[in-house]
Amino acid sequence: MATLARPAVRPVAAEPAYPTRRFKDRRSSFTRYRIGSTKIERLGTGYRLVRGPGWFGDGRYLLWSDIPNDRIMRWDEETGAISVFRKPSRNANGNTRDRQGRLLTCEHDTRR
């Protein structure tokens, strides 16, 4: 079961919500970058291996790769809805944006 995290958009509670017992740092070298008042929120479940999240702030949505299911998923911040953005994704892994705002994706299947 994989989870994705996003920063809190609502006011932060007096007591930090992170870290919790449900989430654990896998690499202590990243501890210094952690923001103690950042909220962890599960966006969805049922994924086997997710990677390469890419945030599109202008559209207020997040894309990530669901590699074993050969698809790219999309989470909409306004509605909270999760939908399939691209299938097949050719085993997409990394997602980012170029300087023009276009999606760039690394594909395992096509080696591009």
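Hi everyone. The protein chain I brought today has zero helices and six strands. Read from the N terminus, its elements run β-β-β-β-β-β. Please keep in mind that this is a predicted model.

Let me start with the chain as a whole. There are 112 residues in the protein chain, and 26% of them count as buried. The chain exposes about 8,100 Å², with carbon and sulfur atoms supplying 49% of that area. As for contacts, take those between residues at least 6 apart in sequence: 30% of these join residues at least 24 apart.

Now to the aromatic rings. How many aromatic pairs does a search of the whole structure find? The search finds two. One is made by Y47 and W64, and this pair is edge-to-face, with 5.8 Å centre to centre and 90° between the planes. The pair links distant parts of the chain: Y47 belongs to the segment before β1, while W64 sits in strand β2, 17 residues apart. Y47 and W64 are each buried.

The other pair brings F56 and Y61 together. Why is this pair called stacked? The planes of the two rings are at 5°, with the centres 4.8 Å apart, and planes under 30 degrees apart count as stacked. F56 and Y61 are both buried, too.

Stay with Y61 for a moment, please. R74 lies over the face of that ring, at 4.0 Å from the ring centre. Y61 also gives us a distance to another part of the chain: its C-alpha atom and that of E78 are separated by 8.3 Å, with their positions 17 residues apart along the chain. Where is E78 placed? You will find E78 in the loop between β3 and β4. Is E78 buried or exposed? E78 is exposed, because its relative accessible area is 58% and the cut-off for exposed is over 50%.

Next stop, strand β4. This strand covers residues 82-86, and S83 is found in it. S83 has a relative accessibility of 34%, so this serine counts as partly exposed. Which residues does S83 touch, leaving out those up to four places away in sequence? The answer is I72, M73 and R74. That brings back R74, the arginine over the face of Y61. For S83 and I72, eleven residues apart along the chain, the C-alpha atoms are separated by 8.9 Å.

Let's move on to the hairpin of β5 and β6. Strand β5, residues 92-97, runs antiparallel to β6, and four bridges join them. Within this pairing, N95 stands opposite T105 in β6. The hairpin has five residues between the strands, and G101 takes a positive phi near 90° there.

Also on β6, have a look at E107. Strand β6 covers residues 103-107, and E107 is placed in it. Is this glutamate buried or exposed? E107 counts as buried, because its relative accessibility is 9% and buried means under 20%. Its side chain joins that of T110 through a polar contact of 2.6 Å. Not counting residues up to four places away in sequence, E107 touches R86, S89, R90, N91, A92 and R112.

I'd like to finish with the backbone. Most residues other than glycine have a negative phi, and most peptide bonds are trans. Against that background, three places are worth a look on your screens.

The peptide bond from K87 to P88 is cis, with omega near 0°. P88 lies in the loop between β4 and β5.

N91 lies in the loop between β4 and β5 as well. Its phi is near 55°, which is positive in a residue other than glycine. N91 has a relative accessible area of 24%, so this asparagine is partly exposed. We have met N91 already, as one of the residues that E107 touches.

Last comes D70. Where is it found? D70 is in the loop between β2 and β3. Phi of D70 is near 55°, again a positive value in a residue other than glycine. With a relative accessibility of 21%, D70 counts as partly exposed, because buried means under 20%.

To recap the aromatic part: Y47 and W64 form the edge-to-face pair, and F56 and Y61 form the stacked one. Thanks for listening, and I'm happy to go back to any of these spots.

Conventions
Residues numbered from 1 in each chain as written. Predicted model: local features only at pLDDT ≥ 70, side-chain atom pairs only at ≥ 80, totals over all residues. Heavy atoms only, no water. Phe/Tyr/Trp six-rings, centres within 6.5 Å; stacked < 30°, edge-to-face > 60°. Helix = DSSP H or I, 4+ residues; strand = E, 2+ residues; numbered from the N terminus. Buried < 20%, exposed > 50% of the residue type's maximum accessible area, 1.4 Å probe, protein only. Lys NZ or Arg CZ within 6 Å of the ring centre and 35° of its normal. Contact = heavy atoms within 4.5 Å. Areas by Shrake-Rupley, 256 points an atom, 1.4 Å probe, with all protein chains shown as cover. Polar contact = N/O pair within 3.5 Å; in protein donor to acceptor, adjacent residues only side chain to side chain. Pairing = 2+ DSSP bridges.
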